[in-house]
Amino acid sequence: MRTVVVVTVGRSDYGICRPILQRIRSDTRLRARLLVSGGHLSPEFGSTTACEIEADGFDIADRVEMLLSSDSPEGIAKSIGLGTIGFSACYACARPDVVLVVGDRFEMYSAAVAALPFGIPVAHVHGGELTEGAFDDALRHSITKLSHLHFVSTDAYRERVIQLGEEPWRVTVTGAPSLANVRSMELLSPAELAKLYDLPLERPLLVTFHPVTLEYEEAEAQVNQLLKALSAYDIPIVFSRPNADTNGRVVYRRIQEFVATRRAARLVENLGTQSYFSFMAWAAAMVGNSSSGIIEAPSFGLPVVNVGSRQDGRVRGPNVIDVGYDHEEIAGAISRTLRPEFRASLRGSTNPYGDGTAAEQIVATLSRVELGERLLRKRFWDIARGTD
């Protein structure tokens, strides 16, 4: 059996990893070794290790503590260093056949770069995408160059990974793994959600807003504009907690202050995949700058107001309305998404991120790819000549 280390560093990627882990668990050719880090281990971010991962029945092989109690640029940079040290210790103790990493978080970058000196092949999910408002963009492309196999979500992203010099045979278009949850997960009913989160039985706005890391000095002004726009709507509002990004505490504090003044507003530390997807199925609209509004929301026919530059460059469906940071522009877009005709216009539209079969394709590739010199020795693919 091949041992695949699967790295998860927070709620932002666990919903992506979950279908892959489930598929590995049922495959006799592979065994998963799960490493958890980042926000999973922090009570400040909901301790998702205890809340969700273990409840799903996955054994945790190791925990890599890396987050400092600081969201300053210096604190983030030091956390990257601590993560690299922690993951390297894990690889030294139990060297896997492959390391599987997801996306573009700085915690995930630590896991990928630590594998390099060991000569461990890295498989990367969700490469080739763009988030031009965040330094995650640089981290994602860096992880691509550290990786040996690429599982991308659209044809456009495949072309971009090849443009970065990766050989075409290494790149597979799978779609987004998280969409398997849409197909298989039993969702909570509106009545169950209303009872669980003490909300009126009325379609809410689902709000997920993270700091824009290339604009972190404007984080407070940006969230203030968002909250001013939301204050114009007398309907339930459910906030998920901001990520552990630069100036994330500023955003979190302002949301707390807003929620304290609103009878039907809730800030949930960790919704978990089931509750989050259940709200996506029930919500009147989604507002913020999360990738979930771009990748998963189309599968629910959910209207999305995408605020600011964080997701600039990503492929999006017709459910997304892009706006700047001005409160009047945000409020106007929310009003548009709440019109019945806008939601009706989304019926029958397809999700550009696939049909939810990505996990099967990823696990099939990991089980059959030839490990050895050809996989590890990367040759630069020059697209001008179509060769190395």
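Let's start with a pair of charged side chains: Asp 56 and Arg 18 form a salt bridge, with their closest N and O atoms 3.1 Å apart. (A salt bridge here is a side-chain nitrogen of Lys or Arg within 4 Å of a carboxyl oxygen of Asp or Glu.) The two partners come from distant parts of the chain, 38 residues apart: Arg 18 sits in helix H1 (residues 11-25), while Asp 56 is in the loop between helix H2 (48-53) and strand S3 (60-64). Helices (H or I, at least four residues) and strands (E, at least two) are DSSP runs, numbered from the N terminus.

Before going on, keep in mind that this is a predicted model, where local features need pLDDT of at least 70, side-chain atom pairs count only at pLDDT 80 or more, and totals for chains, interfaces and linings use all residues. Residues are numbered from 1 along each chain as its sequence is written, and side-chain values use heavy atoms, with hydrogens and water left out.

**More salt bridges**

How many salt bridges does the structure hold? There are 22. Side chains of opposite charge can pair when their charged atoms come close. Here are three of the pairs, with how open each partner is. Buried means under 20% relative accessible area, exposed over 50%, and partly exposed in between (1.4 Å probe, protein chains only).

| Pair | N to O distance | Relative accessible area |
|---|---|---|
| Asp 56 and Arg 18 | 3.1 Å | Asp 56: 22%, partly exposed; Arg 18: 13%, buried |
| Glu 74 and Lys 78 | 3.0 Å | Glu 74: 52%, exposed; Lys 78: 45%, partly exposed |
| Arg 158 and Glu 159 | 3.5 Å | Arg 158: 24%, partly exposed; Glu 159: 47%, partly exposed |

Glu 74 and Lys 78 share helix H3 (residues 73-93), where they are four residues apart, about one turn of the helix. An α-helix has 3.6 residues a turn, so residues three or four places apart point the same way.

Salt bridges can also join up: Asp 104, Glu 129, Asp 137, Arg 140 and Arg 314 are linked in a network.

**A mostly covered helix**

Two members of that network, Asp 137 and Arg 140, are among the buried residues of helix H5. H5 spans residues 136-146, and eight of its eleven residues are buried. What do these buried residues pack against? Their neighbours are strands S4 (98-102), S5 (122-125) and S6 (149-152), plus helices H4 (106-115) and H6 (155-163).

**Nonpolar cores and a surface patch**

A nonpolar core is a set of buried Ala, Val, Leu, Ile, Met, Phe, Trp, Tyr and Cys residues joined through side-chain atoms within 4.5 Å. The largest one has 51 residues, and Val 7, Phe 87, Tyr 91, Val 99 and Leu 366 have the most contacts inside it. Apart from it lies another core of 32 residues, including Val 207 and Ile 334.

Not every nonpolar side chain is tucked away: Leu 68, Leu 82 and Ile 85 form a nonpolar patch on the surface. Leu 68, in the loop between S3 and H3, is partly exposed at 33% relative accessible area.

**Cysteines without partners**

What about disulfides, meaning pairs of cysteine sulfur atoms within 2.5 Å? The structure holds zero. Cys 17 is in none, with the nearest cysteine sulfur, that of Cys 90, 15 Å away. Cys 90 isn't bonded either, because its sulfur is 7.0 Å from the closest cysteine sulfur, in Cys 93, too far for a bond. Cys 17 is buried at 0% relative accessible area, and Cys 90 is buried at 8%.

Notes
Contact means heavy atoms within 4.5 Å. Patches are made of residues with over 30% relative accessible area and no salt bridge: like charges are joined within 9 Å, nonpolar side chains (Val, Leu, Ile, Met, Phe, Trp, Tyr) within 5 Å. Accessible areas come from the Shrake-Rupley method with a 1.4 Å probe; for residues, only the protein chains shown count as cover. A disulfide is a pair of cysteine sulfur atoms within 2.5 Å.
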